[in-house]
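Work through the exercises below with the model open. Try each task before reading its solution.

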Amino acid sequence: MSTESHILVIDDDPDIAKAARLLLERHGLRVSTAASPEAAWVLLAGEPIDVILLDLNFARGRTTGEEGFAMLDRLIAADPRAVVIVVTGHSGIAVAVRAMRSGAADFVIKPWNNERLLTTVERGLALRRAKLETAATPPVADGILLGESAGVARARDLIARIAPTAAPILVHGAAGTGKTLVARLIHQASPHAHLSLVTLDAEAADAAVIAARTTAAAGGMLVIDHIDRLPRALHGVLLSALDGIRIVATTRLDRASIRTAIGEDLLDRVGTIEIALPPLLDRTGDALLLARHFLALFAYRHGKPGRPLGDDAAHAIATERWPDNVRGLRQTMERAVLLGSGDAYTVGDFRLSSETTEPQALAPDLSLARNEEALITAALERHAFNVSRAAAQLGLTRAALYRRMARYGL
């Protein structure tokens with residue numbers, strides 16, 4: 001078996017999970033374990049899994065398998081290429097048949113025969129490879145927290161440990177570092193993943209908006225974006241409306257600054273656990289990993305051929321400062337997929353700061369439309385098509401800039 005193959009064992013019995021892990025690792029497989037569906041979603045969001053061994057019962061005394069069937073349905077819905085092998089008890093033939101009809105690839109009965117388990121996993125890996133080769137879905141997933149740097153590893157570990165609980169979480173990070181993604185991953189791995197994820201834009205909130213959003217999030221999860229921008233007059237209104245709601249708040253400020261901005265009472269309510277997302281500049285080695293991921297993702301999404309990344313381009317990506325963090329890198333990779341040409345990606349496909357030139361002077365004519373279009377184009381190119389930064393330089397709102405971009409076909 002290939003050492004690149006990754007197996008996920010979802011079973012609340014630590015002895016069963018350990019036995020499966022030891023057996024499969026002895027045969028060259030990489031194995032991760034999760035004690036619950038909630039914990040499994042964190043692992044599934046973080047990296048690709050080839051085969052999933054899924055127990056059907058997790059709550060003490062349960063024998064119906066309903067928890068496992070619900071997880072099976074979600075797995076197949078999230079990824080039609082998923083290969084799920086159901087693990088069931090002695091009397092589970094009828095249950096196993098039902099699981100196969102629901103989309104499971106195969107089943108194993110506990111206590112299993114080691115040879116039977118290995119053969120079943122081998123068949124599952126072969127099926128996974130076949131699905132990937134012929135799938136009508138992307139070969140890489142979007143919405144995952146990729147990265148091998150220590151800061152991202154710490155964030156993933158905190159998500160895995162805290163998401164299944166009810167603890168409120170405050171996510172720190174500069175613009176574009178992935179705060180919204182972290183909130184979504186926490187929701188997916190929470191006991192309330194089947195409920196809506198409700199977002200409150202603190203900067204645009206008033207009492208009526210707070211009442212509507214918190215009511216919609218009752219029993220579920222509320223994401224408070226840019227909580228430090230909530231007007232002080234509304235702090236008490238928000239605090240009184242948060243009972244019974246799981247909170248994930250986001251901010252671009254550090255801990256000292258956020259304490260000053262929102263005060264002790266609100267910070268205590270939303271910041272029991274804090275997750276800090278480092279800027280991409282501090283994530284050694286992650287920029288190139290993310291670049292390759294986004295190039296593959298957008299090539300599929302836009303129906304473009306996959307192309308290798310030249311050595312010079314790879315070096316430029318790895319050494320770029322990426323002031324707009326992962327968001328900026330993502331936009332740059334998508335633009336390269338759409339506009340690049342040639343057999344391989346080159347430095348010129350990415351318009352990185354090292355080779356960005358100043359825009360040409362405006363034409364000396366009095367056409368407002370021509371000059372406005374040239375100004376907007378220059379601002380967008382200078383800021384790598386970051387609309388927020390270009391709008392700020394032009395003295396426009398984002399909405400006004402979008403209207404002008406539509407007018408000129410930009």
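**Exercise 1. Locate Trp322, then describe its backbone and its burial.**

Step 1. Trp322 sits in the loop between α12 (311-319) and α13 (325-339). Helices (H or I, at least four residues) and strands (E, at least two) are DSSP runs, numbered from the N terminus.

Step 2. Phi of Trp322 is near 50 degrees, a positive value in a residue other than glycine. Most residues other than glycine have a negative phi, and most peptide bonds are trans.

Step 3. Trp322 has 5% relative accessibility, so Trp322 counts as buried. Buried means under 20% relative accessible area, exposed over 50%, and partly exposed in between (1.4 Å probe, protein chains only).

Two notes on the source apply throughout. This is a predicted model: local features need pLDDT of at least 70, side-chain atom pairs count only at pLDDT 80 or more, and totals for chains, interfaces and linings use all residues. Residues are numbered from 1 along each chain as its sequence is written, and side-chain values use heavy atoms, with hydrogens and water left out.

**Exercise 2. Find the backbone features of His226 and Pro111.**

Step 1. His226 belongs to the loop between β8 (221-225) and α9 (235-240). Its phi is near 50 degrees, again positive in a residue other than glycine.

Step 2. The relative accessible area of His226 is 17%, so His226 is buried.

Step 3. Pro111 lies in the loop between β5 (106-109) and α5 (114-134). The peptide bond leading from Lys110 to Pro111 is cis, with omega near -10 degrees.

**Exercise 3. How do α2 and α3 pack against each other?**

Step 1. Take the axes. Helix α2 (residues 37-46) and helix α3 (residues 66-78) have axes that come within 11 Å and cross at roughly 15 degrees. Axes are lines fitted to C-alpha atoms, for helices over the stretch in contact, and angles run from 0 to 180 degrees between N-to-C directions.

Step 2. Classify the angle. α2 and α3 are therefore roughly parallel to each other. Angles under 35 degrees count as roughly parallel, over 145 as roughly antiparallel, 65 to 115 as roughly perpendicular and the rest as oblique.

Step 3. List the residues that meet. From α2 come Pro37, Ala40, Trp41 and Leu44; from α3 come Met71, Arg74, Leu75 and Ala78. Contact means heavy atoms within 4.5 Å.

Step 4. Sort them by class. The contact of α2 with α3 has seven nonpolar, no polar and one charged residues. Ala, Val, Leu, Ile, Met, Phe, Trp, Tyr, Cys and Pro count as nonpolar, Asp, Glu, Lys and Arg as charged, and the others, Gly among them, as polar.

**Exercise 4. How many residues of α2 are buried, and what do the buried residues pack against?**

Step 1. Seven of the 10 residues of α2 are buried, and the helix is mostly covered. Among them are Trp41, Val42 and Ala45.

Step 2. The buried residues of α2 pack against β1 (6-10), β2 (30-34), β3 (51-55), α3, α6 (150-162) and α7 (179-188).

Step 3. Move on to Glu47, in the loop between α2 and β3. Glu47 is partly exposed, with a relative accessible area of 25%. Leaving out residues up to four places away in sequence, Glu47 touches His6 and Arg30.

Step 4. Check a distance. Glu47 and Ile144 are 97 residues apart in sequence, yet 7.0 Å apart in space, C-alpha to C-alpha.

**Exercise 5. Analyse the packing of α15 and α16.**

Step 1. Helix α15 (residues 387-394) and helix α16 (residues 398-408) pack at about 95 degrees, with their axes 9 Å apart. That makes α15 roughly perpendicular to α16.

Step 2. Val387, Ser388, Ala390, Ala391 and Leu394 of α15 make the contact with Arg398, Leu401, Tyr402 and Met405 of α16. By class, that is seven nonpolar, one polar and one charged residues.

Step 3. Focus on Val387. At 10% relative accessibility, Val387 counts as buried. The C-alpha atoms of Val387 and Arg398 are separated by 6.6 Å, and the two residues are 11 residues apart along the chain.
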